[in-house]
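Subject: Structure for your review

Dear colleague,

Please find below the structure that I am handing over to you. I would be grateful if you could keep it open while reading the notes that come after it.

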Amino acid sequence: MMTIIFTLIIASLIIAVIFFILFIKSVKSGQYDDLYTPSVRMLFDDELVKKKITDKNITN
Amino acid sequence: MSKKDCFHCGTECNIHKIEFDNKIFCCNGCKTVYEILNQNELACYYDLEKTPGTIPSEIKGKYDYLDNENIASKLVEFNDGQTAVVNFFIPSIHCSSCIWVLENLHKLNNGIKVSIVNFPKKEARITYKNDQISLREVVELITSIGYEPFISLEDDDRKLTKINRTLIYQVAVAGFAFGNVMLLSFPEYFEMDEYWLNRFKPFFRGLMFVFSIPAVAYSAKDYLISAYKGLRHNILNIDVPISLGILVLFARSCYEIFSQTGQGYFDSLTGLIFFLLLGKVFQQKTYSFLSFERDYKSYFPIAVTKINKNKTEENIAVHDIEKGHRLLIRNEEIIPVDGILLNGNALLDYSFVTGESMPVIKKSGDKIFAGGKQTNGAIEMEVVQTVAQSYLTQLWSNDVFQRDNPKNIKSITDSISKYFTMIILSIALVAGIYWFTIDKIIAFQVVSAILIIACPCALALSAPFALGNMIRIFGKEKFYLKNTNVIEAISKTNTIVFDKTGTITTNKASQIHYDGTTLTTHELSQIKALLRASNHPLSRMLYDSLTMDESKEISEFQEILGKGIEGIVEGCKLMLGSGSFIGSKEELNDQTKIYVRINDIIKGKFIFQNTYRKGLEEVFKHLAKEFKISILSGDNEGEKVYLKKLLPSHSNLLFNQKPEDKLEYIKKNQEDKKNIMMLGDGLNDAGALAQSNVGVAISENINVFSPACDAILDAKFFNKLPVFIALSRKTMTIIKISFIISFLYNIIGLLFAITGNLSPIIAAVLMPISSISVVIFVTLSTNIIAKKMLHLGY
């Protein structure tokens, strides 16, 4: 009855291969080409948007 | 940063400073950018970095050509009528503020939807609505805030450098295979005699085999191909033992599982390939970092003479040149940018760019290209296109120039790796045979372990890292080397030759007296007109000291190196130069002088007082300890007594040397097995500089960039010369030490492998560890000795 292992292994292999294909697709999409700029970009503040809204509220 | 620096770009504000909003700006341009950013609530720009801006350039009318549909369509990447995408190379991107402001362009103009910056490549991809804003307006917008794009219409087939992602894919496949094979070999590690485990063994082994195939065939194919190519040409390169190891492992493992005699070594095989590729990725990343640094930070600044609208001249740096500027290119100067010839006789030597030494004649109105050397008097040109600084840097280290260069030292890595591979293969053979007679299985393990642990990856990495790091450090100290081979050449020097005028004497602040018939203002302006065309240090000095207007036409200009210049100005024939050149019968006494002869009448002479560079005495003192020093001067013996005092008695002081004499001297000494470093100003010494083992041009911010030199030293840092030489030697020592360290890893590993105590997978892990530790060692030590010697003195 341990023959279930065959099925289990084949199933996990299929899932692994699916993940592998997804990885290849994500590399192809070019998101890893520039690893430096996103590291700088994520440190920018979004305050300005709020400031603009509050400014508009004040002037209104 | 003093209060007098511009708030936007950081350059010192002199007389023209502009005050606005309680801040100081150096020019209207900077103030305008500040205004724009402030009004659009983008003042955050200044919070991220101090003085992040660059002076914006003039835009009026410059980009009108972008309204032309044909041209615009060549630049735009995507256009569906409503939205367009364009990708610009913007050389002035240099900090996080730049990224920030360029990605917030939509705040400056509603027509821009999205803009994304790629910092390492200095590119910005802008998506805009082309019914609201045109391409020209986009370019004008970014130019107005100081980020002018570099638009080159000549690469029409936009170099679609398809980014090479093969290495990433290979690592992915190898890693995938490695992980799965490790999992599948788990049962094999526990030698239990379980019925079900045994039933599944063939299945698991088969799967391991299936996973290993793409790892070997795809991920490892570069190693296999390189080894095969090397063997075809009878060269034993580093990839041979690696490929051998991989193939041996694979073959043996296949044999074992198909004959059911064992479990094979697929885990070691895939692990080996995975770690090897990881090492390669690491190597690639660091190379691109080093070359980025080199192009961006370590280039040498060439200065060029710009003619202002009011006819005055000023020296500006190459990267400040803009389209429409008028430049003066003197005799023997290099044309730094593409442009149109305005006036003068252009006889251009393009050997620097094309290797062709036949000079090319150009007429007024012709287009002239960057990289050519003007060899016939002065010309004026109008700039059409700016050239990226790195273009000239690349030309400098270009192969064209090195083609007949006998100086190409066989790099230290090449010479060692040949012996290394042979020794390893013989050890593997001997050990294999020995163990074969005792126990076949161990024999096989031993051979593969040997081949793996002996992989000399550290060898291939240490020299490039050490040299690359040192070049970067030198560049920061304004000592610019052509390429990494120069460091090795410097370390081998045993003789140093100095030129006198312009090298150990400085062109600035010299005293000039005139002796002879008083010259009228008219005559002086004629002289100045003639001097303008020459780039000789004495000409420049005299030219700078004469204060009158000189916009006169000269014709038949001739500069005879080592003698003087002559030409016809307003109908008068003028000759300036040495006594013998103009025909003076005066006795040669010991002064540096330029005689003046107008229309066959010798009027008198200008006498120059030599001002030696600061720190010259110390430099000579330090160098004299280890090197033989010589001075070759084209000048007369006037300075002999003074120089003799500074130098040890066995030094050679030769005067009245013509350029050919200098070349001959160098050649003769080289035949005596002397390794010569020559320092000159790059002009009359061009031949000698090229002939010597290391040719260093001393630059005082004048455009005497001579491609014959191997290094350029900023004159301000002349007194650091002994330190640079010492550092080069220490770098070679560090490289040798790192070789020893990597050998130690190999030897210890080999000891374990030969005695059969090393499993291939441990070997596969040890290799990247050895590479990483060697790289860290090399980088840290070069940084430490550089810091010590440059900042704390000897």
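The notes below describe what was found, beginning with chain A and then turning to chain B.

Please bear in mind that this is a predicted model. The mean pLDDT of chain A is 78, and 73% of its residues reach 70 or more. Within chain A, confidence is highest in helix α1 (residues 4-28), at a mean of 92, and lowest in helix α3 (residues 47-59), at 52. Where pLDDT is low, the predicted coordinates should not be read in detail.

Chain A contains 3 helices and 0 strands, and its pattern along the sequence is α-α-α. Of the 60 residues in chain A, 0% are buried.

Chain A does, however, touch chain B: 16 residues of chain A are in contact with 19 residues of chain B. On the chain A side, the elements that give two or more residues are α1, α2 (37-41) and α3 of chain A. The most come from α1(A), which gives 6 residues. By type, the residues on this side of chain A divide into 11 nonpolar, 1 polar and 4 charged.

In chain B, I would draw your attention to an open sheet. Its 6 strands stand in the order β18-β23-β22-β21-β20-β19, with antiparallel pairing. Strands β18 (512-516) and β19 (554-560) of chain B are at the edges and have a single partner strand each, so one side of each is left without a neighbour in the sheet. From one strand to the next, the twist averages 15 degrees.

One pair in this sheet may be followed in detail. Strand β20 (residues 564-569) of chain B is joined by 6 bridges to strand β21 (residues 572-577) of chain B, and the two run antiparallel. Gly567(B), for example, has Leu574(B) in β21(B) as its bridge partner. Helix α20 (residues 521-531) of chain B lies across β19, β20, β21 and β22 (592-598) of chain B, and runs at about 65 degrees to β21(B).

Another element to look at is helix α6 (residues 166-184) of chain B. This helix has 19 residues and reaches 27 Å from its first C-alpha to its last, close to the 27 Å expected at 1.5 Å a residue. Which residues of α6(B) are buried? Among them are Gln170(B), Val173(B), Ala174(B), Phe176(B), Ala177(B), Asn180(B), Val181(B) and Leu184(B). An α-helix has 3.6 residues a turn, so residues three or four places apart point the same way.

Yours sincerely

Notes:
Residues are numbered from 1 along each chain as its sequence is written. Chains are lettered from A and ligands numbered from 1 in the order in which they are written. This is a predicted model: local features need pLDDT of at least 70, side-chain atom pairs count only at pLDDT 80 or more; totals for chains, interfaces and linings use all residues. pLDDT is the predictor's confidence in each residue, from 0 to 100. Helices (H or I, at least four residues) and strands (E, at least two) are DSSP runs, numbered from the N terminus. Two strands pair if DSSP finds at least two bridges between them. Axes are lines fitted to C-alpha atoms, for helices over the stretch in contact, and angles run from 0 to 180 degrees between N-to-C directions. Two residues are in contact if their C-beta atoms, placed from the backbone, lie within 7 Å. Ala, Val, Leu, Ile, Met, Phe, Trp, Tyr, Cys and Pro count as nonpolar, Asp, Glu, Lys and Arg as charged, and the others, Gly among them, as polar. The expected span of a helix is 1.5 Å times one less than its number of residues. A residue is buried if 20 or more other C-beta atoms lie within 10 Å of its own, exposed if 12 or fewer, and partly exposed in between; C-beta atoms are placed from the backbone.
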